[in-house]
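Please walk me through this protein model, strand by strand and pocket by pocket. I would like the pairing of the strands, the empty spaces and a few individual residues explained in order.

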Amino acid sequence: MQLLEVKNLKKIYTTRFGGNQVQALSNVNFSVEQGEYLAIMGESGSGKTTLLNILASLDKPTSGEVLLNGKNIVTIKESEISAFRRDNLGFVFQDFNLLETFSIQDNIFLPLVLAQKNYQEMNQRLQPLAKRLEIEAILAKFPYEISGGQKQRAAVARALITNPKLVLADEPTGALDSKAAMNLLKMFSAINDLGQTILMVTHSVLAASHANRVLFIKDGEIFNQIYRGSMSNDDMYQKISYTLSVLASGGENLE
Ligand SMILES: Nc1ncnc2c1ncn2[C@@H]1O[C@H](COP(=O)(O)OP(=O)(O)OP(=O)(O)O)[C@@H](O)[C@H]1O
C-alpha cells in the first residue's frame with residue numbers, strides 16, 4: 001500500500017531583497033510504500049531540506065501535491081497542521097532537539113502530553129519502547145547527563161511513542177561517533193523490520209546503505225534510485241558511493 005505520494009512538487013523561493021528567484025525543487029515525483037525504509041541523498045543545495053520541510057508540513061510548495069494516506073497535506077488548514085503533524089509524523093533531527101530542563105522520560109512523553117493522553121497510557125507505551133531502544137536506565141536523567149547516542153535513542157523513542165505513520169529523520173547520525181551511529185542504524189533497521197515506515201535525509205553513505213531504497217536528488221529533481229533487492233549493506237555502500245561520484249562529476253554516464 002502506498003503511504004506517501006509526492007506529485008509534481010515544485011518550490012521556488014523568492015529572496016526578500018531584490019526579488020531573485022531560486023528554484024529549489026523543479027519537479028519531484030516519488031512514492032513510498034507502507035513499511036519502506038527510504039534514504040534521500042544529494043549534494044549540498046540539491047533541495048533535500050526543502051523537500052523534508054514540505055513533507056513535514058513546515059513549509060508549502062509552490063505547486064504540486066503531497067498525499068499521506070491519500071490526504072493532501074499541502075492543503076491542510078493552518079489551524080489543523082500541528083495536530084496533523086503530531087498524529088501522523090515522528091521526527092528525528094541531527095541535534096536531537098531534546099528539552100534540557102525535562103527528564104528523558106518527560107521529553108519522550110511530550111507529544112502525548114500535547115495530545116492529552118493520561119499517564120497510564122503514556123507509561124504503557126513507553127515501557128516496550130524504552131526496552132527496545134535500551135534507554136530504560138536513563139529515563140530519569142536529563143539530556144546533559146547522557147551521551148549523544150543515548151540522546152538520539154531517546155529522540156527516536158519520542159518520535160515513535162505516538163505510533164506515527166511516517167518517521168522523518170534529518171541526518172540522524174550526523175552528530176554521533178561511528179559506534180553510536182552504527183548502533184542507531186541497527187535500531188532503525190530493527191524498527192523498520194517491525195513495520196515502521198522511515199524516510200531519512202542523509203549525507204552519510206553508511207546510513208543510506210542501511211535503507212531499502214536510496215533516492216538521489218540533483219538540481220531539484222530525482223536523478224536516480226537504488227533498490228536494495230538482494231544486496232547486502234556493503235553492496236549498497238559501493239553502489240551509493242559510485243552514484244555519488246557520478247553525481248559529483250556532473251551526473252553524466254550513470255550506468
Ligand atoms: N529560505 C530560502 N530562501 C531562498 N533560497 C533558499 C531558501 N532555502 C533554501 N534555498 C535555496 O534552495 C536550494 C536548495 O536548498 P536546500 O537547503 O533544500 O538544499 P539541501 O540539499 O538540503 O542542502 P544541504 O545538504 O546543504 O543541507 C539552494 O539553492 C538554497 O540556496
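The paragraphs below take up the sheets, then the pockets and the cavity, and then three loop residues.

The model is predicted. A useful place to start is the open sheet of four strands, whose order is E2-E1-E4-E5 and whose pairing is antiparallel. Strand E2 (21-33) and strand E5 (71-72) are the edges of this sheet; each has a single partner strand, so one side of each is left without a neighbour in the sheet. Inside that order, strand E1 (residues 2-14) is joined to strand E4 (residues 63-68) by five bridges in the antiparallel sense. One position that fixes the register is Glu-5, which stands opposite Leu-67 in E4.

Parallel pairing is found around strand E8. Strands of a sheet pair through backbone hydrogen bonds, either parallel or antiparallel. E8 pairs with strand E3 (residues 37-42) in the parallel sense over four bridges, and Ile-40 has Val-201 of E8 as its bridge partner. E8 also runs parallel to strand E7 (residues 166-170), with five bridges between them. Here Ala-169 stands opposite Met-200 in E8. Between E7 and E8 the chain passes through helix H6 (residues 178-193), and this β-α-β crossover is right-handed.

How are the side chains of E8 arranged, and are they buried or exposed? Thr-197, Leu-199 and Val-201 point one way from the strand, Ile-198 and Met-200 point the other way, and all are buried. Buried here means under 20% relative accessible area. Since five of the five residues of E8 (residues 197-201) fall in that class, the strand is largely enclosed by the rest of the structure.

Next come the open spaces. The largest pocket holds about 420 Å³ of space. Its lining has 16 residues, and those nearest the centre are Arg-86, Phe-91, Pro-111, Leu-114 and Arg-158. Helix H2 (81-88), strand E6 (89-92), helix H3 (104-114) and helix H5 (148-160) are the elements that each give two or more residues to this lining. The largest share, four residues, comes from H3. By class, the lining of the largest pocket is made up of eight nonpolar, five polar and three charged residues.

The second largest pocket has a volume of about 210 Å³. Among the residues that line it are Arg-125, Pro-128, Leu-129 and Arg-132, together with Leu-160, Asn-163, Ile-191 and Gln-196. Helix H4 (residues 119-132) gives the most to this lining, with four residues. Seven residues of the lining are nonpolar, three are polar and two are charged.

Apart from these pockets, which are open, a search of the whole structure finds one cavity of 30 Å³ or more. About 40 Å³ of space lies in the largest cavity. Residues lining this cavity include Val-92, Val-156, Ala-159, Val-167 and Phe-188, as well as Ile-198, one of the buried residues of E8. Leu-160, Ile-191 and Gln-196 line the cavity and also appear in the lining of the second largest pocket. H5 and H6 each supply at least two residues of the cavity lining, and H5 gives the most, with three. The classes in this lining are eight nonpolar, one polar and no charged.

Three loop residues remain. Ser-46 lies in the loop between E3 and helix H1 (48-55). Its relative accessibility is 5%, so Ser-46 counts as buried. A polar atom of the Ser-46 side chain lies 2.7 Å from the backbone oxygen of Glu-43.

The other two are picked out by their backbone angles. Most residues other than glycine have a negative phi. Gln-116, in the loop between H3 and H4, has a positive phi near 60 degrees. With a relative accessible area of 74%, Gln-116 is exposed. Asn-163, in the loop between H5 and E7, is not a glycine either and has a positive phi of about 50 degrees. Asn-163 counts as exposed, at 57% relative accessibility, and is one of the residues lining the second largest pocket.

Conventions: Residues numbered from 1 in each chain as written. Predicted model: local features only at pLDDT ≥ 70, side-chain atom pairs only at ≥ 80, totals over all residues. Heavy atoms only, no water. Buried < 20%, exposed > 50% of the residue type's maximum accessible area, 1.4 Å probe, protein only. Pairing = 2+ DSSP bridges. Right-handed = clockwise from strand over helix to strand, strands pointing away. 1 Å grid on protein atoms, 1.4 Å probe; cavity = no way out; pocket = protein on both sides within 12 Å on 5 of 7 lines; lining within 4 Å. Points joined across faces, edges and corners; volume = space filled by probe spheres on them. Nonpolar A, V, L, I, M, F, W, Y, C, P; charged D, E, K, R; others polar. Polar contact = N/O pair within 3.5 Å; in protein donor to acceptor, adjacent residues only side chain to side chain.
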